[in-house]
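Please examine the structure shown below with its sequence at hand. The paragraphs that follow lead from one part of it to the next.

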Amino acid sequence: MTATTVISCLLPLASTVTLAFAGERMGPRASTLIGVGSVGLAALATAWTLLTYSGASQGVTLWTWVAVDDFQPTIGLTVNRLSLLMMAIITGVGFLIHLFAAWYMAGEVGITRFYAWMNLFVFSMLILVLADNLLLLFLGWEGVGLCSYGLIGYYYQHEANNWAAFKAFIVTRIGDVFLALGMFLIFVKLGTLDIGQVLDQAPQVWAEGSATANIAALLILGGALGKSAQVPLHTWLPDAMAGPTPVSALIHAATMVTAGVYLIARLNGLFLLAPDVLLLVGVIGAVSLLLAAFAALAQTDIKRVLAYSTMSQIGYMFVALGVGAFDAAIFHLTTHAFFKALLFLSAGSVIISCHHEQEMGRLGGLWRKLPVAYAGFIVGGAALVALPLISAGFFSKDEILWQAMAADQIGLLLAGLLGAVLTGLYTVRLILGIFHGEPGSDHARQPEPGRNPVTHHLPLIVLAALSTFLGAWLYSGLGELFPPAPGENSETSHTLLQVLATGAVVAGLALAGWLFVMRRQWLHSVAGKGAGARCWALLNRAWGFDALFKWGLVRPWQWLVRGLRFDFINRGMNLLALIARAGNAGLVRTQNGRMRTYACVMVLGVTVILISLVLTSGGGT
Amino acid sequence: MNGIPMEHGLMLAAILFTLGLAGLMLRRSMLFVLMSLEIMLNATGLAFIVGSTAWNQPDGQAMFLLVITLAAAEASVGLALMIQLYQRFHSLKLDNVSRMRG
């Protein structure tokens, strides 16, 4: 069993190495075959691991990485229910996305580079979830960040894409610094980086709510915020949509951005020692989910709508973490991976069919011409708004809201319910904007639908099936891995919450139908001028966080740098050099090699000496 | 000889010295520069003679002998240099022989 785990890790790595060394010599067909095939085999190996899994937590240590006195981190993998579930999502959903990419990326230049990065990403992500110590986890953590950078900047000929890649890399790096500091603190205080030992020893060393435990949890939360695009380190995610759509589906929706949720769930014992920080996790999640849901209402690029909805859904996961319902967070992570991958791939299908058109205003009226993508959007959208009983999203989101209610966090519950209404609004707006109404451009009038049954239809159909209640049934819970959630022995009525959640969803959909179908003209006129237009601009820029950071951090820094470059001390130093240069230039002129000048200067000198002698002796003789 | 006052003799020496100095500073040809130097040396020799005659001291005469020896040595070195200069540059213009770029 451990052998198959290691194999599923090594297959993508081997493929990356092959593709990287072969470079563009390898043709696009061979690159695609190796790139998709390796992840497919990894998925098979993972499936075998799952089938033979006994249910016990197992570790396999490959070798010792570093050995310095007490500091002995290993290259070791932990196989438990959580890491296996993450493995299954990464290789399973990852394989479907790779398969779709074979359709999406056909004819692009640099296919080999694309698959090399994608496979390296799968490898790094597997290392992240399987690592048995924080240092190896950090290696995977940085690896996925690097691959994210490389893939956002995939179309590197456009300058804007490179800036987006820089932004994603730098903003997540801020979070990573916090995570590294948290690791240092844990090692200094607990003397180990092994996650199992950290969770064992932390309660013995730190009292609940002690300052050090709070600081350690806060630092790790900082890392999670950067990676999972939560307020305030969330600004990179919408710009990250510059990458190819399969990249957005795999990295910026299904797997990498949920790494923060995974990290907090994995280190749950540490966060339980810091209840205040855990509550902060929930509050940040609630704030993020509302901010992002409002911002998603006012986007015109379909991928940006999906990006903000990803932030919003991760906000739900953070709310679940915040009330101590780790199982519910992982449940939503799983269903979200299914339906958000489906939505992104369907969006990719629309984008390619309409010749790289992704502005909502230039699409429209496509539902009859692109039936597969339409079905994907309907099923994925239903799961996103958590349509009761038939969608996967309902079961997981309902679980989160119920846990929030059982934990008596009424504020978080209300935020979640309001978020559900907003989700309904922006989802309906997105689907209506793409598939209904009048086509906005020639590209939308003559789309070329994807026809390949294996690389185009199959991933969409499988993900659509997983986005219905079937996907929710697959999730069997993580059992004893997490401490009991607040809802476990609670008397709170689950039925009441289900009615409330259903009410929120129906309210959202009804409001959306009324606004976007019945009162369409009125909405246009309101958003077009005056306060409505200002409101639209504010939401379109996602509450102006980019401008805030630009004027609050980047510009002052640039001013400081400019000031330091011309600082007065430096000027003083330069003055000395200037004097030396001027003196040099003057003295050089005297050495001109002309006898007469030398003679004149000598006479002048003698005259001066004589005159001064006469004057000082006062003509006394 | 006693009929001439010392001031006249010294004045003549000063005029000769100034003439020599002016020639040294103004002349471009090395030949004239050397001649100006001779004039300056002889002016100092004249000043010694005038002084020793006026105060009846033999030291000034002895100094004049030294000055003449010095002038002879200076003239031989200076002429040798001048021949070298002419062979190298085919010119006696001192301004032309500077190779410095200052």
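A suitable place to begin is a meeting of two helices in chain A, where A:V526, A:A527 and A:G528 of α23(A) touch A:G532, A:A533 and A:W536 of α24(A). Sorted by class, the residues of this contact comprise four nonpolar, two polar and no charged ones. The model under discussion is a predicted one. Helix α23 of chain A covers residues 520-528 and helix α24 of chain A covers residues 530-540; their axes are 5 Å apart and form an angle of about 80°. Angles of 65 to 115 degrees count as roughly perpendicular. The helices α23(A) and α24(A) are therefore roughly perpendicular to each other.

A second pair of helices in chain A may now be considered. Helix α14 of chain A, residues 302-322, packs with helix α18 of chain A, residues 410-435, at an angle of about 160°, and the two axes lie 11 Å apart. Because of this angle, α14(A) is roughly antiparallel to α18(A). As for handedness, the crossing of α14(A) and α18(A) is left-handed.

Which residues of α14(A) and α18(A) meet? From α14(A) come A:I302, A:V305, A:L306, A:S309, A:S312, A:Q313, A:Y316 and A:V319. Opposite them in α18(A) are A:L412, A:G416, A:G419, A:A420, A:T423, A:Y426, A:L430 and A:I434. The contact of α14(A) with α18(A) divides into 10 nonpolar residues, six polar residues and no charged residues.

The loops of chain A also deserve attention. Between α8 (211-227) and α9 (236-239) of chain A runs a loop that contains A:P232. The peptide bond that joins A:V231 to A:P232 is cis, with omega at about 5°. Another loop of chain A, between α15 (326-353) and α16 (371-385), holds A:H355. In A:H355, a residue other than glycine, phi has a positive value, near 60°.

Finally, the reader may turn from chain A by itself to its contact with chain B. How many residues does each chain bring to this contact? Chain A supplies 12 residues and chain B supplies 11 residues. Between them, chain A and chain B bury about 1,000 Å², and 65% of that area is on carbon and sulfur atoms. The number of salt bridges between chain A and chain B is zero.

Technical notes. Residues numbered from 1 in each chain as written. Chains lettered and ligands numbered in written order. Predicted model: local features only at pLDDT ≥ 70, side-chain atom pairs only at ≥ 80, totals over all residues. Heavy atoms only, no water. Axes fitted to C-alpha atoms, helices over the stretch in contact; angles between N-to-C directions. Helix = DSSP H or I, 4+ residues; strand = E, 2+ residues; numbered from the N terminus. Parallel < 35°, antiparallel > 145°, perpendicular 65-115°, else oblique. Left-handed = near helix turned anticlockwise from the far one by under 90°. Contact = heavy atoms within 4.5 Å. Nonpolar A, V, L, I, M, F, W, Y, C, P; charged D, E, K, R; others polar. Buried area = accessible area lost by both parts, 1.4 Å probe. Salt bridge = Lys/Arg side-chain N within 4 Å of Asp/Glu carboxyl O.
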